[in-house]
Structure formats: C-alpha cells, structure tokens
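Here is a short briefing on strand pairing and aromatic contacts. Look over the sequence and model first.

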Amino acid sequence: MKLITITILVLLSSLVNGQDTIGIKKATSTLNNALVTKDTTVLKRLISSRIGYGHSNGWLQTKQDIIADFVSGKIEYKKIETAEENYTFSKKAVAIRSVTKVEGRINGSIFNMTLQVLQVWKKVKRNWVLIARQSVKLS
C-alpha cells in the first residue's frame, strides 16, 4: 500500500512539473516573440513592474525603460533563438538558464551575439511573470 501511495505521489509530482514546464516554455517563447515584434501589450502583461532587466553590457532597465525603448526605436530585436534551457523550479517561481543568440539594432548599430541568460519567473494568479533577467556575452 505504501509503495502504491509513493508511486502515485511521484507521478502526480512529475505531472505538475510537466505542466509548469509547458507553461513556462510558452511564456518565454511569447516573451521572445513580443520582443521581436515590439508587442508592448504582451510585454506589459509578461514583465513585472518591479523587474531588473540586465543586459550583457551592464545596462539595467525597468519595465518602463523596456517599453519606452521599443516605442522610440532605440532597440530593435530581429531574431532571438534560445537553446540549452535548464529549469530550476521552486514553489511559485522558476529560474531558467539558457544560451541565446540575439540579432538586432541598438541606437542604429547592428549587434549579433551569443548570450548566457538567466531569467527568474514567478507564477502570479496562474500566469508566469518575468521578475528578473541578466545576461552575459559569450561571443
């Protein structure tokens, strides 16, 4: 009987983490798409008002900075490709480490680089919200 109970708990735990993985993968994909398409409505929904959004050059942005820079044309992403994702879940949060290739323009200058990115997402009322992000340039 104990073995059956333990087996059921392990299966349920795997199912819950599987659902969270699917949900967070969808959120990160939606965020990347919104960054490329400059969809400020989606960005406003996915990004916490208290975010610290760190770039590989040491530049730190708030949510308002991110939105303003897209509206003004200061920054433009052409392509964001994420690979080697590693998820660490806690109760209502997840840390995601990934290798990400990014192409775009900043202040009119083209950039193309590979980054190591750390994102921290928090589940708020059934939705994943990005609360922190930091990147380091690999190449």
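Strands here are DSSP runs of E with at least two residues, numbered from the N terminus. Two strands pair if DSSP finds at least two bridges between them. The model is predicted.

**Strands E3 and E4**
- Strand E3 covers residues 75–89, and strand E4 covers residues 93–106.
- E3 and E4 pair in the antiparallel sense, over twelve bridges.
- Three residues form the link in the hairpin that joins E3 to E4.
- Within this pairing, tyrosine 77 stands opposite glycine 104 in E4.

**Strands E4 and E5**
- Strand E5 spans residues 109–124.
- E4 pairs with E5 over 14 bridges, again in the antiparallel sense.
- Serine 98 faces this partner strand, standing opposite valine 117 in E5.
- E4 and E5 also form a hairpin, with two residues between them.
- Asparagine 107 sits in that turn and has a positive phi of about 50 degrees.

**Aromatic contacts**
- The structure holds four aromatic pairs.
- In one pair, the ring centres of tyrosine 87 and phenylalanine 89 lie 6.3 Å apart, and the planes meet at 15 degrees, so the pair is stacked.
- Phe70, Tyr77 and Phe111 make up one aromatic cluster.

**Exposure of the stacked pair**
- Tyrosine 87 has 18% relative accessibility, so this residue counts as buried.
- The cut-off for buried is under 20% relative accessible area.
- Phenylalanine 89 has 26% relative accessibility and therefore counts as partly exposed.

Note on methods
Residues are numbered from 1 along each chain as its sequence is written. This is a predicted model: local features need pLDDT of at least 70, side-chain atom pairs count only at pLDDT 80 or more; totals for chains, interfaces and linings use all residues. Side-chain values use heavy atoms; hydrogens and water are left out. Rings of Phe, Tyr and Trp (its six-membered ring) pair if their centres lie within 6.5 Å; planes under 30 degrees apart count as stacked, over 60 as edge-to-face and the rest as tilted. Buried means under 20% relative accessible area, exposed over 50%, partly exposed in between (1.4 Å probe, protein chains only). Helices (H or I, at least four residues) and strands (E, at least two) are DSSP runs, numbered from the N terminus.
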